[in-house]
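Here are my notes on the model you asked me to look over. Have it open while you read.

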2 protein chains.
Amino acid sequence: MNKKQLFEQIKIKKSFLCVGLDPVMENIPKHLLKYDNPVLEFNKQIIDATKDLCVAYKPNTAFFESMGLKGWETLIKTWEYIPTDIFTIADAKRGDIGNTSAMYADAFFNQEKSGMSFDAITVAPYMGKDSVGPFLNYKDKWVILLALTSNAGHSDFQLHQTPEGKLYEEVIRISSQWADSDQLMYVVGATRGAEFENIRRLAPDNFLLVPGVGAQGGSLADVCQYGLNSECGLLVNSARGIIYASNGEDFAERAREEALKLQQEMEQILVSASLV
Amino acid sequence: MNKKQLFEQIKIKKSFLCVGLDPVMENIPKHLLKYDNPVLEFNKQIIDATKDLCVAYKPNTAFFESMGLKGWETLIKTWEYIPTDIFTIADAKRGDIGNTSAMYADAFFNQEKSGMSFDAITVAPYMGKDSVGPFLNYKDKWVILLALTSNAGHSDFQLHQTPEGKLYEEVIRISSQWADSDQLMYVVGATRGAEFENIRRLAPDNFLLVPGVGAQGGSLADVCQYGLNSECGLLVNSARGIIYASNGEDFAERAREEALKLQQEMEQILVSASLV
């Protein structure tokens, strides 16, 4: 999916919501345990309940890998189940030397080889340009580079001062020479509200993937105040706040309610900004 | 496997060789294509041919993931096939916020959940302490943190100056407060010969995992001149130079010859340093 198509979907749905699919066996509602693959059934029902309210799904690969071979199969089948007009993000945080990153690109972008073809993958910047390049060889596929993350450990290295600016600023400045905003997004945690103005200065046209709204404490209004641009430019992720709103038989209904609240808040913001 | 046991294996085998298992379908010898799982058969024969010459195997997960579900199954079965007295490294370059890194720890360390229990995993440092912590909760399991990598892109961020030193130096300095040398190793590319002296100053006791000897151009002698410490302190990886020494029917024999050359060179070095 290209940038124009993504913005179209945002306008159609009046939403820039990304639903994070982070299934944990312990949180799967009991009544689903009768299915051969309860996690897949859970994901399918979450997708059915939220697909008209969000523009993206983001399975975090760690949650699937933790369940071994069955988990990897569930990841593939979950990807297959997502409607084709919804943007798909493999939240995999990969990155390796060039010839190895090419293998990761096959894993997440090359359906013929791996069974999956996500629109985007999250990538860690530490290994530099050649660790990112192989993903950019796929037309209309995206790299979402970690810039300023939502966790406590963000301050260990990302805020380090260098002669040109903080490390995360350098990641944005340097990587923006590798690809333009049609293929490159950045991860910026919602808990970093005050830094959004600065980030928009460095990356005026790039979409930002914003985790941390909800369970991690970030505010949607704060994010949008500086994060919104003329093509929306934001994908705001919520995972736990939606998918675990209930662990009873009403889990899908409650997930829909939580997603709807966020969509309605986003619609207000888009209307106020004259984007829809 | 703990540090003492690893050093014991190094002394028994007179080797600090790690064999990288990076299988590519196109390079699998033709005569193996008759097997139900040619890649697994390839890995098994490589392991059989080299297991008395090396102390570690390092499957790079990208190469398995690129083959989809069958690839993940091959990764599990390859791990199962490695003899238990050999150190196993999941070269996965993972790293995420704390609760997600805990899932990656399950994926690679918790056999009951995922079917695999490697001794070590490679981790990217960008997200800081809480992205590393969950791996350290497993007794006698290791994090191998990316410090100074062997690829061209190492210079994009790893050499950035900060007030305290270069970024890779900061990664070593700060992370060494998170765990001691019984659970923490660093990745340092063999192509960074001149920096080994500096790295040993920062991390005198840690094992270093050193890729880049062979195909990538690094020299074993250069690495050992400054990298060796009183418990050896080095695991030197070779992948392509060994596993693709031939793609004919003699591939395993030729792989053994290449591994033997490295083992013999390592034995000389260990003898000269009075470590065996």
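My points follow, starting with the ground rules.

1. This is a predicted model, so to speak with a filter on: local features need pLDDT of at least 70 and side-chain atom pairs count only at pLDDT 80 or more, while totals for chains, interfaces and linings use all residues. Residues are numbered from 1 along each chain as its sequence is written, chains are lettered from A in the order written, and side-chain values use heavy atoms, without hydrogens or water.

2. Chain A carries 13 helices and 10 strands (DSSP runs: H or I of at least four residues, E of at least two).

3. On overall shape, the radius of gyration of chain A is 18 Å, which agrees with the value near 19 Å for a compact globule of 276 residues (C-alpha atoms; 2.2 Å times the number of residues to the power 0.38). Its C-alpha atoms fill a box of roughly 60 × 45 × 35 Å along the principal axes.

4. In chain A, 65% of the 276 residues are buried (under 20% relative accessible area, 1.4 Å probe, protein chains only). Of its contacts with a separation of 6 or more, 71% join residues 24 or more positions apart (heavy atoms within 4.5 Å).

5. Now the cysteines: there are 0 disulfides over all chains (the cut-off is sulfur atoms within 2.5 Å). Cys232(A) has its closest cysteine sulfur in Cys224(A), 7.3 Å away and therefore too far for a bond. Cys54(B) is in no disulfide either, with the sulfur of Cys18(B) nearest at 7.5 Å. Cys232(A) is buried at 0% relative accessibility, and Cys54(B) is buried at 0% too.

Technical notes
Buried < 20%, exposed > 50% of the residue type's maximum accessible area, 1.4 Å probe, protein only.
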